[in-house]
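Me: Please take a close look at a single part of this molecule: one strand residue, the core and sheet around it, and the cross-links of the chain. A connected account would be preferable to a list.

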Amino acid sequence: MFGSALWFCVGGLVMASPAQAASGACPGRLVSSLPFSTGEVRVYKSRTQACAMTVANRPGQRRHMSVSIQPRGGVPVRDSGQFTRYAGPVAVGAINRCVYVKGSVGAGSVDSGWILC
């Protein structure tokens, strides 16, 4: 009985994650937009986090997209795969820290260098 209840709870958590990612919202305000040939990377900043997502110029066609954000002194957080509209959002704690953002859609890509310092 306990095992099935635990499985149900774990399944519910796994099912909730894509719904949160599908909302396509980063917390905070838009602070930077990094355009490139096939899309743009949008960078958002809240009081405690920096968040990024890559958005395709022409949504609809499934193709490889990726986004990553790395706080200075930390490890990057990534999302990549075959998407139709956007990759991400991905967020890191960034109180008084610079971040490095990368994104791509198909053959086009961009990287920010260290920003939000």
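Reply:
**A strand residue and its surroundings**

Ser68 is located in strand β4. The model is a predicted one, and the values below are computed from it. Ser68 has a relative accessible area of 9%, which is under the 20% limit, and therefore counts as buried. If neighbours within four places in sequence are set aside, the contacts of Ser68 are Val77, Arg78, Val90, Tyr100, Val101 and Lys102.

One of these contacts, Val101, leads into the largest nonpolar core. That core holds 19 residues, and the members touching the most others are Val41, Val43, Ala50, Ala52, Ile69, Val99 and Val101. Two or more residues come from each of β1 (29–36), β2 (39–45), β3 (49–56), β4 (63–71), β6 (86–93), β7 (99–105) and β8 (108–115). In soluble globular proteins, nonpolar side chains tend to be buried together.

Ala52 offers a second view of this core. Beyond its neighbours within four places in sequence, Ala52 contacts Cys26, Val41, Arg42, Val67, Ile69, Gly88, Pro89, Val90 and Val101. A separate second core of 5 residues includes Cys26, Tyr44, Cys51 and Met53. Val90 and Val101 are thus among the contacts of Ala52 and also among those of Ser68.

The strands themselves can be followed next. Four of them form an open sheet in the order β1-β2-β3-β6, with antiparallel pairing. β1 and β6 are the edge strands, each pairing on one side only. From one strand to the next, the twist averages 15°. Within this sheet, β1 and β2 run antiparallel and are joined by 7 bridges, and a hairpin of 2 residues connects β1 to β2. Two of the facing positions can be named: Arg29 has Lys45 in β2 as its bridge partner, and Ser33 stands opposite Arg42 in β2. Arg42 is also one of the contacts of Ala52.

The cross-links complete the picture. The whole structure contains 2 disulfides. With the bonded cysteines numbered in sequence order, the pairing of the protein chain is 1-2, 3-4.

One disulfide joins Cys26 to Cys51, with an S to S distance of 2.0 Å. Its torsion about the S-S bond is about -65°, so this disulfide of Cys26 and Cys51 is left-handed. Distant parts of the chain are linked here, since Cys26 lies in the loop between α1 (2–22) and β1, while Cys51 belongs to strand β3, 25 residues apart. Cys26 and Cys51 are both buried, and both are members of the second core.

The other disulfide is formed by Cys98 and Cys117, whose sulfur atoms are 2.0 Å apart. The link of Cys98 and Cys117 is right-handed, with 135° about the S-S bond. This pair also connects distant parts of the chain: Cys98 is in the loop between β6 and β7, and Cys117 is in the segment after β8, 19 residues apart. Cys98 counts as buried because its relative accessibility is 11%, whereas Cys117, with a relative accessible area of 71%, is exposed.

Conventions: Residues numbered from 1 in each chain as written. Predicted model: local features only at pLDDT ≥ 70, side-chain atom pairs only at ≥ 80, totals over all residues. Heavy atoms only, no water. Core = buried A, V, L, I, M, F, W, Y, C linked by side-chain atoms within 4.5 Å. Buried < 20%, exposed > 50% of the residue type's maximum accessible area, 1.4 Å probe, protein only. Helix = DSSP H or I, 4+ residues; strand = E, 2+ residues; numbered from the N terminus. Contact = heavy atoms within 4.5 Å. Disulfide = S-S within 2.5 Å. Pairing = 2+ DSSP bridges. Axes fitted to C-alpha atoms, helices over the stretch in contact; angles between N-to-C directions.
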